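Please work through the following exercises with the sequence and the model side by side, and try each task before reading its solution.

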Amino acid sequence: MLGLLCDLYKSKTVGTFNSAILQKVSSPVSKEITGFGPFNLNTQKRWKKPAVTAQTRMEDRTRDLRLEKLMSYLKRMKIVLRLQELMSQRRGPYVSVQLLSKWRNMVGLNTAIGVFLRKYPHIFKVYTHPVKRNLCCELTQKMDDLIKEEARVIKETELVAVQRLKKLLMISTSGTLHIHALWLIRRELGLPDDFRNSILPNYTDDFHIVNPEIIALVSRDEGLAVAEVEKWREKEYTEKWLSEFETKYAFAIQFPTGFKIEKGFRETLKNWQRLPYLKPYEKTGVIRVRTCGGVERFEKRAVGILHEFLTLTVEKMIEIERLSHFRKDFSMEVNVRELLLKHPGIFYISTKGNTQTVFLREAYSKGCLIEPNPIYTVRRKMLELLLLGRRNTRELELQKEFKETKYDTVRNEVRSGPRDGDWVVPILENFEDQFIDGNLSDINGTSDEENHEK
């Protein structure tokens, strides 16, 4: 009996040992960790080529320091304009700082609201309310005047904004656009906030509202069907005496400082510049992606549409997220961000302010627009007022002291001078005198009668 048990135990251990060996040999997933030693110094490891994606291009792109600095200033300006928009919805001219602190997350502010307001005394005026005795805030007169001037300039340049809108509808393959997508970029196009009620009904010969969400173009204007890049090509052809073969389908290229040109890049760029493509306002051609060079021509057409889109904006920049609303209308079935990163000489993407904003490189020089327009000029004045910070605040302090002294003198005059209801005082005084005289006469009369009786 004991011998039988020993045989069973031996067979069981051998079976488990064999199964363990078979599992180890058959399973390719199990890998032994080889430590450092003299016998594995020459062990070769497989090198994997890093994938080139939009994220890696975004991280490895060459920074444009001037545009990045401009974007950081515009980020602060955006917070200021959001606060102004919320303050304008209130009844009075001022808003308490306590209420502004509740709006901090709504406007995307990371610091305390009091610190932010006192950092820009040329835009916000913080004071103690004379009656409620709490901290209040309102816009300064300079900032209020600039906001009114911007609204006035937008009203005066209404025809230019209408032309921009017509050009966008002409680029669309179906001749229609979503009104909500246009409302998202109303500031970039120089349109008022209520353009649906103030502009579209006044131009029925140009626009037709299909339904509450879609606007359509009534008729094409071939005089507007000329892209801005065509003017640059004509200038390059006439002034620099370049051949038509070199400039007919070319774009202006301006690489940022420090851009590394790899081997074979110049030849690739030269061939891409000569590549023909279907221009934004052309509708007759058909792009076949599967033909030779079809993908490159399809992408170049998307580059041409994006280039024309940016030239139609006021400040020649726009958020990439808002561009995605026009992909189907413009037949750009591509990854917009990846396409922009492929052409760093034409576009530049900034990631400041938790958003990705694309700039048209040829339109900027040293952080400023080369050809400014009236709306851009007013917005630049606002930005300059922001950049003053706490500098040149002596004039503001003198104005504050003058207002305080003026308020004190008016308050003293009100206290010492005539007030409402003072006309009642002499009537009451006369009434009291008459009452006292009547009582005295009654008293004297009774006393005389009593004396006479006596």
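The exercises below deal with a predicted model, and they go from the whole chain to single helices, strands and residues.

**Exercise 1. Confidence and overall make-up**

Task: Find what the mean pLDDT of the protein is and what share of its residues reach 70 or more, and then locate stretches where the pLDDT is under 50.

Solution. Begin with the whole protein, for which the mean pLDDT is 80, with 73% of the residues reaching 70 or more. Next, look along the chain for weak stretches: over residues 409-416 the pLDDT stays under 50, and the model has one contact beyond four places in sequence for them. Residues 439-454 also have a pLDDT below 50, and this stretch has zero contacts in the model beyond near neighbours in sequence. Where pLDDT is low, the predicted coordinates should not be read in detail. With that caution in place, count the secondary structure, which comes to 20 helices and eleven strands. Finally, consider burial and contact range: 35% of the 454 residues are buried, and among contacts with a separation of 6 or more, 68% are between residues 24 or more positions apart.

**Exercise 2. The largest nonpolar core**

Task: Identify which residues touch the most other members of the largest nonpolar core, and which helix gives the most to this core.

Solution. The core has 98 residues, and the two that touch the most other members are Phe124 and Met143. Helix H3, residues 65-88, gives the most to this core, with eleven residues. To see the surroundings of Met143, set aside its neighbours within four places in sequence; the contacts of Met143 are then Met77, Val80, Leu81, Ile123, Met382 and Leu385. As background to such a cluster, nonpolar side chains tend to be buried together in soluble globular proteins.

**Exercise 3. Helix H18**

Task: Check whether the span of helix H18 agrees or disagrees with 1.5 Å a residue, and describe what covers its buried residues.

Solution. Helix H18 covers residues 374-387, and its 14 residues should span 20 Å at 1.5 Å a residue; because the end C-alpha atoms are 20 Å apart, the two values agree. The buried residues in H18 are Ile375, Tyr376, Val378, Arg379, Met382, Leu383, Leu385 and Leu386. Their cover includes H3, helix H7 (141-156), helix H10 (186-189) and strand E11 (368-369). Two of these buried residues have already appeared, since Met382 and Leu385 are in contact with Met143. Just after H18, Gly389 takes a positive phi of about 60 degrees.

**Exercise 4. The faces of helix H12**

Task: Decide where the buried residues of H12 fall when seen down its axis, and name exposed residues on the face turned away from them.

Solution. First check the geometry: helix H12 (residues 228-239) has twelve residues and reaches 17 Å from its first C-alpha to its last, close to the 16 Å expected at 1.5 Å a residue. Then list its buried residues, which are Val229, Arg233 and Glu236. Seen down the axis of H12, these buried residues fall within an arc of 65 degrees, and therefore they line one face of the helix. The spacing fits a general rule: an α-helix has 3.6 residues a turn, so residues three or four places apart point the same way. The buried residues of H12 pack against helix H13 (244-247) and helix H15 (294-312), whereas the face turned away from the buried side carries the exposed residues Glu234 and Glu239. Just after H12, Trp241 takes a positive phi of about 55 degrees.

**Exercise 5. Strand pairing**

Task: Work out which strands stand at the edges of the open sheet of three strands, and how many residues lie between E5 and E6 in their hairpin.

Solution. The open sheet has the order E1-E3-E2, with antiparallel pairing. Strand E1 (95-96) and strand E2 (124-128) each have a single partner strand and stand at the edges, so one side of each is left without a neighbour in the sheet. E1 pairs with strand E3 (residues 135-139) over two bridges, and Cys137 in E3 is the bridge partner of Val95. Turning to the hairpin, E5 and E6 have two residues between them. Strand E5 (residues 207-211) and strand E6 (residues 214-217) pair in the antiparallel sense over four bridges, and Ile209 has Ile215 in E6 as its bridge partner.

How values were computed. Residues numbered from 1 in each chain as written. Heavy atoms only, no water. Core = buried A, V, L, I, M, F, W, Y, C linked by side-chain atoms within 4.5 Å. Buried < 20%, exposed > 50% of the residue type's maximum accessible area, 1.4 Å probe, protein only. Contact = heavy atoms within 4.5 Å. Expected span 1.5 Å × (residues − 1). pLDDT = per-residue confidence, 0-100. Arc of directions from axis to C-beta. Pairing = 2+ DSSP bridges.
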